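Me: I'd like to go through this one with you and ask how each label was earned. Here it is.

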Amino acid sequence: GAAAALFTTGTARAEHQMNWNWGDRFHYDSEGKDLYSAQEFTFDIFGTYSKGKEKFNDTFDKTLRHGDFGGGIGVNYFITRNFGIGTDAFAGDNGGDFVDAVSASAILRLPIDVAHLAPYVFAGGGRQFDGPDSWNLHVGVGLEFRLSSYTGIFIDGRHVFHVSDKSSDYALIRSGLRFAF
């Protein structure tokens with residue numbers, strides 16, 4: 001999936017000059033023009049927190065004790081300014097498999113350039129490797145803050161529904177950096 005996204009990004013944005021200067025990535029763009037664009041490829045690096053839930057309503061339980069911290073990476077490709085696809089993988093600090101799960105998502109974002117914000121919703125499916133080895137579905141919401149058109153900070157949360165074993169559902173919170181190319 002990542003290779004296909006890279007190939008598509010390279011051909012779709014052939015006329016766009018890629019900015020590989022990392023010094024330009026960490027400055028605040030006060031004008032806030034064109035922060036979120038169509039045919040945009042992004043790379044995510046993030047920390048995670050996951051907590052097992054027996055049913056969807058438990059996701060909104062106020063207690064977050066006894067969960068697992070971890071980290072992960074992801075890639076996204078926005079076909080239009082508002083619609084994209086993405087994939088990610090994460091590993092929790094739980095002593096199990098190196099990669100706990102991989103997932104793919106369809107993403108709908110609503111950029112507000114003047115505020116440097118883009119709330120988004122996403123849904124998709126994936127494969128769980130640690131714990132019950134099974135397929136799963138997920139839904140989630142998130143918010144991204146762009147410093148510039150190249151760098152953002154994001155946080156999102158999702159509820160993961162296991163297809164075969166409902167008692168293994170869990171909530172996942174991700175927070176990290178997003179680099180646009």
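Me: What makes E1 and strand E8 a pair, and in which sense do they run?

Reply: This is a predicted model, and in it E1 and E8 (residues 170-180) are joined by 11 bridges in the antiparallel sense. Pairing asks for at least two bridges between the strands, so with 11 bridges E1 and E8 count as paired. One of the contacts across them is Ile45, whose bridge partner in E8 is Leu177.

Me: Where does Ile45 sit, and why is Ile45 called partly exposed?

Reply: Ile45 belongs to strand E1, which spans residues 40-52. Its relative accessibility is 43%. Buried would need under 20% and exposed over 50%, so at 43% Ile45 counts as partly exposed.

Me: Which residues make the nonpolar surface patch with Ile45?

Reply: Ile73, Ile153 and Leu177 join Ile45 there, and the patch comes to about 320 Å². Patch members need over 30% relative accessible area; Ile45, at 43%, is therefore on the right side of that cut-off. Leu177 turns up here and also as the bridge partner of Ile45 in E8.

Me: How do you know that E1 pairs with E2?

Reply: Same test: at least two bridges are needed, and 11 join E1 to E2 (residues 68-78), so they pair, running antiparallel. Among the partners, Asp44 goes with Gly74, while Thr48 stands opposite Gly70.

Me: What makes E2 and E3 a pair, and what joins them along the chain?

Reply: Nine bridges link E2 to E3 (residues 83-92), again antiparallel. The minimum is two, so this pair qualifies as well. Gly72 has Phe90 as its partner in E3, and a hairpin of four residues takes the chain from E2 to E3.

Me: How many helices and strands are there overall, and what is the order?

Reply: One helix and eight strands, with the pattern α-β-β-β-β-β-β-β-β along the sequence. Of the contacts with a separation of 6 or more, 58% are between residues 24 or more positions apart. As for burial, 41% of the 181 residues count as buried.

Me: What is the pLDDT like, and why should some coordinates not be read in detail?

Reply: The average pLDDT is 80, and 70% of the residues score at least 70. Residues 1-16 fall below 50, and that stretch has 16 contacts beyond near neighbours in sequence. Where pLDDT is low, predicted coordinates should not be read in detail.

Technical notes: Residues numbered from 1 in each chain as written. Predicted model: local features only at pLDDT ≥ 70, side-chain atom pairs only at ≥ 80, totals over all residues. Heavy atoms only, no water. Patch = residues over 30% accessible without salt bridge, like charges linked within 9 Å, V, L, I, M, F, W, Y side chains within 5 Å. Areas by Shrake-Rupley, 256 points an atom, 1.4 Å probe, with all protein chains shown as cover. Salt bridge = Lys/Arg side-chain N within 4 Å of Asp/Glu carboxyl O. Helix = DSSP H or I, 4+ residues; strand = E, 2+ residues; numbered from the N terminus. Buried < 20%, exposed > 50% of the residue type's maximum accessible area, 1.4 Å probe, protein only. pLDDT = per-residue confidence, 0-100. Contact = heavy atoms within 4.5 Å.
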